[in-house]
Amino acid sequence: MKIEKLDGSIFKVTYGKPQNPLEVVQNYHAGDSKDFSCTQEDDRLVVKDKEILITQKSEDFNGIFSVDFSCKDAHFFGFGEKMGYLDKKGRNFKMINSDFPLHTPDVDPMYISIPFFIAIFGKSAIGIFVDTTSYSFFNLREDGFTISAKDEGITIYFIYGPDVKKVIGNFTGMVGRMEMPPAWAIGYQQSRWSYSKDDAIEIAKKMRQKEIPCDVIYLDIDYMDGYRVFTWKKDFENGFSNYLHDMGFKLVTIVDPGIKIDENYDIYRSAKSMDGFVKDKEGNDFVGYVWPGRCNFPDFLRSDVREWWARSHKALFEKGIDGIWNDMNEPAIVWTDSKTRKVSELFKREIDFQILGEAKTLFLQEDAGDEILHKDDNGKVWPHYKVRNVYAYLEAMATKRAFELYRPGKRPFILTRAGFAGIQKYAAVWTGDNSSWWEHLEIEMPISMGLGLSGVAFTGADVGGFGGDANGELLARWMEMGAFFPFFRNHSAIGTARQEPWSFGEKIEEIAKKYIRLRYELFPYIYTAFYFAHKEGIPVMKPLFMLDQANTDLYSINDEFIFGDSILVAPITRPNTTWRTVYIPKDKWIDMRNGNLYEGDHVYKIDAPLDEIPVFVKDGSVIFRTDPVNYIFEKEKMNLYVDIYGNSAIGYLYEDDGETLGYKEGNYNLYEFAIGSIPGGYTIGLKALHHGYSGRYDKVWIRFLNAPRMITKVTLNGKEMTNHFEGKDLVIEFQMKDVI
């Protein structure tokens, strides 16, 4: 055991001789803390502060290296993408990127492996990051936890808070934080497996005719020629993307890593000429079956292969695509030649139930961890089980490079199904092949919150469900909830019921439209939340316990969440339901729908007819809105509405051009709005904490919601402003340029 103090907040502890083919930890200084220590006492590791006491008891090695820890009264959160509730105490988990399409409650592992978790002990929290790209395993008990890896050792980082936000900030500082996405990626996105050219154009036209805001149309695998990546069917050529762009849409296309074995296919030939595919144990190119049939797979561990992959995107960018959707990148390997041989051998025997059972298991996907070999830039050979968890991470790295080559100076948009710790540096994440089940609507909340706690802020689920048939009520409730997820995309599988907003009649269409429009109204608020995710690593979608981490009652609230800093969302997750119980956290919260005030730390019965979702705003908050539009930045200038909840509040507003990388050079604005009370009125302090962009916000309306009628005076930066009442709201108006 070797203990290294990186600074006062992070300790690195190494057992044995671990080996990673890729280093994901970057240089980062977390700041000092005198309250936290990791020391060795009598050959045991002791991790402690005033609340925490973790001791390492034993280690074992038999192909799997394990370290066992003892602690009391801990609750465990994070672990990336996992089924189940937020608090993972009592669970066992594997970190092996896997494609299991049917997401039952006990399915594990899933697509993304992030071997990081937050342990909360009373008022203190620490993050524990297991720095291994290899397969790892976690056993979370009442009296402690065991960490294991298929490796020659384990490196563990202990990351101190004591606040959960500080833990996440330090962890994302170590592995990388998300960059600002293109602004359009925050809008509503429409997808289905698979839109034809005519389908896509018809969908786009309907969105605009019906005035349903939408920014993105997706193309799934059927736009390709025989599922060959980086190819197009002929009918998608000749200005297809320009047609969408003229209506204000962006186009995102799917890209899978399996390369069809076809000597007449230039992508295959070029990869073959550079010996760029992963190998089997005999040294031949590994063959697996995916959508195109027999495929080889690029060895993304090699930098020259990543560069080749990036340059292969030219065929897509030349056709005008705006974003890339990386799917099947665990990698998913549906079948192999060895399975064919096994089936043949099985059925040479007399068929009985045992034979049928063995045959059935052959149709399950396997990880091929011991079958595939990779080679790094130094020529060192690595087994697949040490590379698999970062395969998609490396693919996303290469895809980002494609944007640098073919969209220089523009922000990339990459969506990935698989990933590893730090994937947020390159891509947004969606939770894969869910189903049109009420149970999945509900479970997507803790799954996405778990990803946020693990550093992945830009995350969401297939709204309406991917597999199976949605109905109108389910789609309405999912649209209501999805409008408050960081990533907002409706996606469904071929052969299932259509679930575009208008698919279930006018009533459901109006509900979907209402909440899509609300999403666009809240763009200034949401975009600011993304800025803080970029700057500090803080998730956009948070569990309630981040408001009060010492309150253990909040650890079991899985069906409510905080969106941004100030909005509490409580979706309806059951059919035929028009009310629900809602826990209101400490302090006071105001129903955004009707202005009703609720005292905190209580449970209330809240009405929620089919066209409403309970949404609350914390008293003392500022919510920024704008006018709904057909697509983000449809208009060059935007009105800004500043809603004040309470008599005193503080809020921050971020803006930039939403498209370029200029924000990295300081081309952005960050405003602070500070609201206070004075005798007979309100005072507003508005200042630019940073001003480096010309700005889109033109005219500003500040609204004091449900203000007393006796209010007669409002000052802005010391100057008295003309005010008037609109209904129950006191309003002042001004031009941003006159103040900043």
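**Entry 1: helices α11 and α12**

I began with the pairing of helix α11, residues 472-482, and helix α12, residues 506-521, in this predicted model. I found that their axes lie 9 Å apart and that the packing angle is about 5 degrees. Because angles under 35 degrees count as roughly parallel, I recorded α11 as roughly parallel to α12.

I then looked up which residues form this contact. On the α11 side I listed G472, E473, L475, A476, M479, E480 and G482. On the α12 side the partners are I508, I511, A512, Y515, I516 and R519. Sorted by class, the contact of α11 with α12 holds 8 nonpolar, 2 polar and 3 charged residues.

**Entry 2: nonpolar cores**

I noted as background that nonpolar side chains tend to be buried together in soluble globular proteins. I next asked which residues touch the most other members of the largest nonpolar core. That core has 214 residues, and the answer is F129, F413, F484, F561, I567, I702 and F704.

I followed one of these, I702, in detail. Setting aside residues up to four places away in sequence, I702 touches V642, I644, F673 and I684. I702 also touches L730, V731, I732 and F734.

I also recorded a second, separate core of 33 residues. Its members include V13, C38, F117 and I154.

**Entry 3: cysteines**

C38 led me to ask how many disulfides there are. The count comes to 0 disulfides. For C38, the nearest cysteine sulfur belongs to C71 and is 13 Å away, and C38 is in no disulfide. I checked C71 in turn: its closest cysteine sulfur is that of C38, at 13 Å, which is too far for a bond, because a disulfide requires sulfur atoms within 2.5 Å.

Are C38 and C71 buried or exposed? C38 has 5% relative accessibility and therefore counts as buried. C71, at 4% relative accessibility, counts as buried too. The cut-off I applied for buried is under 20%.

**Entry 4: G409**

Finally I asked where G409 is found. I located G409 in the loop between α9 (388-406) and β23 (414-416). Its relative accessible area is 39%, so I entered G409 as partly exposed.

I looked up the contacts of G409, leaving aside neighbours within four places in sequence, and found E659, T660 and L661. I also took the separation from G680, which is 271 residues from G409 along the chain. The C-alpha atoms of G409 and G680 are separated by 51 Å.

Methods. Residues numbered from 1 in each chain as written. Predicted model: local features only at pLDDT ≥ 70, side-chain atom pairs only at ≥ 80, totals over all residues. Heavy atoms only, no water. Buried < 20%, exposed > 50% of the residue type's maximum accessible area, 1.4 Å probe, protein only. Axes fitted to C-alpha atoms, helices over the stretch in contact; angles between N-to-C directions. Helix = DSSP H or I, 4+ residues; strand = E, 2+ residues; numbered from the N terminus. Parallel < 35°, antiparallel > 145°, perpendicular 65-115°, else oblique. Contact = heavy atoms within 4.5 Å. Nonpolar A, V, L, I, M, F, W, Y, C, P; charged D, E, K, R; others polar. Core = buried A, V, L, I, M, F, W, Y, C linked by side-chain atoms within 4.5 Å.
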